[in-house]
Each structure stands twice: as structure tokens, then as C-alpha cells.
Amino acid sequence: MSQHVLRGDEAVALGALDAGVTAAYAYPGTPSTGIVEALQARHAANGSAPGFWTANEKTAYEAALGVSFVGRRALVVMKHVGLNVAADPFMNSALVAPHGGLVLVVADDPGMHSSQNEQDSRVLADFARIVCLEPASQQEAYEMTREAFDVSERFRIPVMVRLVTRLAHTRSLVTTAPPRAANAIRKPDDTMGWTLLPANARRQWRALLERQPDLRAWAEASPWNHVDDGAPGATLAVVTTGIARNYFLENVGDLARRPLHLHIGAYPAPAELIAGIRSRVSRVLVLEDGYPFLERQLRGLGLRDHSVCGRETGDLPPDGELTPDLVRHALGLPVRPGVPTPDLHVPSRPPQLCGGCPHADSFQALRLALGEHADAVIASDIGCYSLAALPPYSAVDSCVCMGASIGMAKGAADAGHRPAVAIIGDSTFLHSGMTPLLDAAAANTSMTVVILDNQAVAMTGGQSTLVPSSRLEQIVLGLGVQPERLHVLDTHPTKHAANAAVLRDAIASDGLSVVIMVRECVETARRHLQERRHLPLVSEDVDG
Ligand code: SF4
């Protein structure tokens with residue numbers, strides 16, 4: 001046993017290593033990025049199991065499936081919206097029979113600190129009919145990740161560990177247990193269990209359904225789900241999930257009578273424990289950092305059942321991150337006075353591109369090129385450059401999901417709109433931009449795709465892109481873009497006019513054109529320079 005002060009992300013990484021994981025796979029995405037970064041740091045230091053960046057979450061999941069297929073333990077990591085990208089292998093993996101533990105860690109982002117939505121991954125675990133573990137502390141993140149591999153091998157299902165931003169990015173003391181050795185390689189005896197042809201898939205689906213009572217019995221008895229009886233005669237029960245427990249415990253001492261308390265850390269939801277507390281009180285308050293997932297399960301179809309309270313009854317806001325103060329209000333406690341700070345004036349810091357960011361120069365050139373085309377459709381993508389939607393640039397019209405820029409520009413062009421421009425970063429292009437570009441190339445759609453090549457996955461801290469930027473041209477040409485319609489530009493303040501001229505011609509021409517605008521992110525350039533000079537870094541990485 002040893003003790004460490006760890007972020008939630010790091011606790012998951014260490015839990016996986018101590019569980020004997022063989023490999024981990026991920027695409028960077030806040031708030032989950034730190035898990036693979038922690039694995040990579042340990043791998044570099046002592047040769048422990050590697051963590052790989054992949055093209056996207058789907059390929060990450062499929063690589064993890066392959067590790068599990070040969071009997072070894074695999075970790076796959078993503079943020080919540082990444083699970084949408086990996087939904088196909090994720091849903092189908094519930095039907096195969098992993099015999100090397102397969103653990104999916106999903107970091108949700110209630111409040112959308114760095115995301116496009118605040119979907120709750122517990123819903124998807126339920127959708128796939130698998131087990132989900134939800135830690136309330138860094139210690140639980142370590143222990144649950146370890147246990148998740150055992151549960152996966154016991155029930156032969158993938159197991160989800162659900163984090164939220166506040167847990168992933170905060171630190172506390174974690175006590176670790178002795179590490180376990182990795183499994184030996186062993187191909188499955190029955191590969192038909194991994195071959196989802198309809199006849200096999202029907203058999204596997206039935207087998208998954210038949211295992212549900214076992215999963216429910218396991219959750220019912222799991223020590224992660226436990227009841228505190230509260231004060232004698234309590235009429236209120238509080239159900240907490242994940243880190244909501246911390247917010248409840250922070251406030252409960254101020255209540256005149258301690259409520260009955262059921263904490264749920266393991267799903268499927270323990271129906272008998274829930275029924276047990278409901279029969280003893282007149283009101284149940286459900287506290288969860290995410291969707292009203294349990295609240296809905298408790299209420300069922302009884303829409304007028306006001307004995308179950310939470311986000312859907314107005315006792316808590318329907319959206320956003322849960323906080324101790326919101327929980328305090330829901331418990332009927334007065335506002336806790338803060339510490340007056342009359343002399344402290346913290347200026348607001350809206351997100352913006354770094355000084356010297358290459359994207360700023362690319363947008364300057366694009367603005368010049370578009371000139372009189374005030375009605376141009378400029379579909380953007382996910383990356384630092386999506387900040388160009390805000391003043392002073394106000395240069396893009398949309399930002400929906402990874403890769404959507406190219407598909408949306410194609411749709412606008414198909415609908416007859418000119419000009420239609422897609423803006424996408426190099427890493428996002430490799431993640432989800434190649435297939436829509438194939439669509440556009442196959443149809444020779446009259447649109448322009450601008451790939452902003454900053455030679456890094458900048459928004460999540462400057463990870464390396466999967467392939468070097470020098471390969472982008474080959475990839476674009478390989479997808480069918482005509483060589484004469486591909487332009488590679490050096491994006492620089494001294495080249496605005498020349499770059500704008502190339503962009504203007506590309507946008508004015510019929511058919512598909514692609515312009516790659518190249519200059520390294522200033523943050524990674526600075527870091528690389530310091531590394532070359534062996535200088536200490538002077539500031540934290542960007543973590544957007
Ligand atoms: S991190 Fe890099 S790409 Fe992102 S805003 Fe800063 S300089 Fe630009």
C-alpha cells in the first residue's frame with residue numbers, strides 16, 4: 001500500500017495500472033485527457049502499460065476490444081460526447097463476451113465547462129444494459145476502476161466508470177493496494193460469441209438480458225450502494241449519486257433532523273434498496289450531478305408524484321453543474337454567508353485565442369478573402385478556432401460536433417448556397433473530417449474546406465496529432481481532391497494579402513477546393529523550444 005495525492009484522472013490511471021491493464025486508448029478530450037497523459041508519463045518513467053492516442057473514440061474503443069479479445073485487460077477513455085462517436089462499438093460490445101476486463105471511463109461535463117452538451121453517460125450505460133460505477137472521490141475513482149475490471153470479467157460485459165469534471169480535475173489523498181499482474185494472452189474459446197451475425201447476435205442479446213438479474217443482484221449487494229438510517233422518525237430521504245454525496249454531507253450537519261440517506265455508486269440502480277427507503281419516508285430528494293436519471297427511475301410514470309423531488313420538480317435547476325449551495329437550497333437551508341471581499345475585483349476573462357495564435361492570422365486572411373460575401377456560410381468545428389465565433393472575430397456561423405463543419409458546408413452547398421466554407425483543425429480533420437471530405441470529393445461539391453494546421457491537438461493541452469502535418473496533403477489527395485484544387489499556405493501576418501488572394505480564388509471557383517493553412521500553435525512551439533533548450537516550463541498547459 002502507498003499513498004499519493006492524485007487528481008481523479010490520475011487515480012483512474014493508477015487504478016487501471018494496479019488492476020493489471022495491458023493498454024489504454026483515448027482521443028484527448030477535457031475532462032478525460034489527464035488519464036492517458038498520466039499513463040504515458042508512468043510508461044515513460046518505468047515502462048508500465050502504455051496509453052495510446054487514437055484517431056477518434058471509435059477507433060480507441062475498437063483497439064480496446066481487441067485487447068480484451070485476446071484475454072487481456074483494456075481501458076478505453078473518452079469524454080461524454082466522445083461516447084457518441086464510439087457508440088457503435090460500445091453498444092455492440094455489450095453483446096460480445098469480453099474475457100479480458102474491458103473498462104470504459106467516460107468523463108462527463110455537467111455545466112459544459114468545455115463541451116457542447118452536458119449529456120449524462122449513465123443513460124448510455126443503462127441503454128447498453130451494462131454496469132456503471134460512479135465514484136464520489138478520488139479514492140473511489142481508484143478503487144472502482146480496479147474493481148471494474150473484475151466485474152467485467154465476472155459478468156463478461158464492458159463496465160463503465162463515470163467521472164464528472166469536478167472529480168476528474170481535483171486532487172485528494174489516495175491509498176493504493178498492491179498491483180495485480182496482467183492476464184496471460186488467451187484467444188476466446190468460442191469466437192462465435194464475438195461474431196455478431198444476426199443468429200449469433202440474437203443469442204448474445206438474449207444472454208445479456210438473461211444476465212440482468214445477476215447484475216441487479218450484484219448492484220443490490222454492492223458496498224458502493226449503502227443506506228444511512230438518519231435520525232429516528234426522519235420523514236425525508238436523500239438519494240445521492242457520485243459527488244453529490246459530498247455536497248450533501250457538507251450541509252447535512254445544519255439540518256435539525258438528519259434524513260435517511262441512500263448513496264448509489266453502482267448501477268443498475270438497486271431497486272430493493274430504493275423501495276426500502278421510499279416505504280419509510282414521505283418525501284425523497286434525489287441529488288445527482290447530471291440528468292435526473294435516478295429521479296426519473298424513482299418517479300416512474302407517476303408524473304404527479306411530488307414525493308420524489310429533484311431537477312424535474314424545480315427543487316434543483318434542470319441544467320448545469322450541481323454545487324454545495326444548490327444542494328443546501330434544496331434541503332431548505334438558508335444561504336451560507338460567504339467571506340466578504342470588498343477590495344477584491346477579479347476581472348472577467350472570457351475565453352479567447354492566445355496572443356500570436358496562428359488561427360488569428362488565418363481568420364484575418366479569410367475575412368479579406370470573403371470581402372463582399374457577407375452572407376457566406378462559414379461552418380466551424382471543435383477546436384481553439386471555434387473561439388472565432390466570438391468578438392472580435394465573429395467569423396464563424398456554427399460549431400456543432402467533431403467533423404460537422406465539412407458536412408454542414410456540403411449541405412449548404414447542396415442546397416444552393418454559395419460561398420460555403422468549412423473551417424476545421426488538423427486533429428479534428430483526422431478525427432472526423434476525412435469521411436465528410438470524401439463525400440464532398442465524390443460529389444465535387446462547390447465548397448471550400450480550410451484546414452487550420454497548427455500541428456497539435458492544442459485545445460486539450462498540445463498533444464501530438466496522430467500523424468505529422470506533412471502527411472495531411474497526401475491524405476487530402478488520397479480522398480479524391482484534385483491536386484490543382486489543393487493549396488498549402490503559410491499563415492503569417494506578413495502574408496495576409498497573398499493568402500487572401502488564394503482563398504478568394506478557391507472560394508470563387510466551382511467544385512471542391514481545400515486550403516491547408518500551416519503554422520504551429522504558439523503554446524506548443526514555446527514548449528518545444530524550451531524542451532530543446534532544456535528549460536523549465538513556466539506555465540501550465542492549456543486545458544480547454
Ligand atoms: S493553444 Fe495554440 S491554437 Fe489554441 S488558441 Fe492558443 S495559440 Fe491558438
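Me: In which sense do strand 13 and strand 14 pair, and over how many bridges?
Reply: In this predicted model, strand 13 covers residues 283–287 and strand 14 covers residues 308–309. One pair of residues across the two strands is leucine 285, which stands opposite cysteine 309 in strand 14. The pairing of strand 13 with strand 14 is parallel, and the number of bridges is two.

Me: Which residue is the bridge partner of threonine 240 in strand 13?
Reply: Threonine 240 falls in strand 10, which spans residues 236–241. Strand 10 is joined to strand 13 by five bridges, and these two strands run parallel. Within strand 13, the partner of threonine 240 is leucine 287.

Me: Which strands stand at the edges of the open sheet of five strands?
Reply: The order of the strands in this open sheet is 9-11-10-13-14, and the pairing is mixed. A strand at the edge has a single partner strand, so one side of it is left without a neighbour in the sheet. The strands in that position are strand 9 and strand 14.

Me: What is the bridge partner of valine 227 in strand 11?
Reply: Valine 227 lies in strand 9, which runs over residues 226–228. Strand 9 and strand 11 (residues 260–264) run antiparallel and are joined by three bridges. In strand 11, the residue paired with valine 227 is leucine 262.

Me: At about what angle does helix 10 run to strand 10?
Reply: Helix 10, made of residues 244–252, lies across strand 10, strand 11 and strand 13. Helix 11 (residues 271–278) also packs on the sheet, where it touches strand 9, strand 10, strand 11 and strand 13, and its direction makes about 165° with that of strand 11. For helix 10 and strand 10, the angle is about 140°.

Me: Is valine 421 buried or exposed?
Reply: Valine 421 is found in strand 16, which covers residues 420–425. Leaving out residues up to four places away in sequence, valine 421 touches several others, including Ala376, Ile378, Met447 and Ile507. A residue counts as buried if 20 or more other C-beta atoms lie within 10 Å of its own. Because valine 421 has 28 C-beta neighbours inside 10 Å, it is buried.

Me: How many residues surround the ligand, and how many of the shell are charged?
Reply: The ligand is surrounded by 12 residues, and the closest are Cys354, Cys357, Cys384, Ala458 and Cys521. The shell divides into nine nonpolar residues and two polar ones, and the number of charged residues is one.

Terms used: Residues numbered from 1 in each chain as written. Predicted model: local features only at pLDDT ≥ 70, side-chain atom pairs only at ≥ 80, totals over all residues. Near = placed C-beta within 6 Å. Nonpolar A, V, L, I, M, F, W, Y, C, P; charged D, E, K, R; others polar. Helix = DSSP H or I, 4+ residues; strand = E, 2+ residues; numbered from the N terminus. Buried ≥ 20, exposed ≤ 12 C-beta atoms within 10 Å, placed from the backbone. Contact = placed C-beta atoms within 7 Å. Pairing = 2+ DSSP bridges. Axes fitted to C-alpha atoms, helices over the stretch in contact; angles between N-to-C directions.
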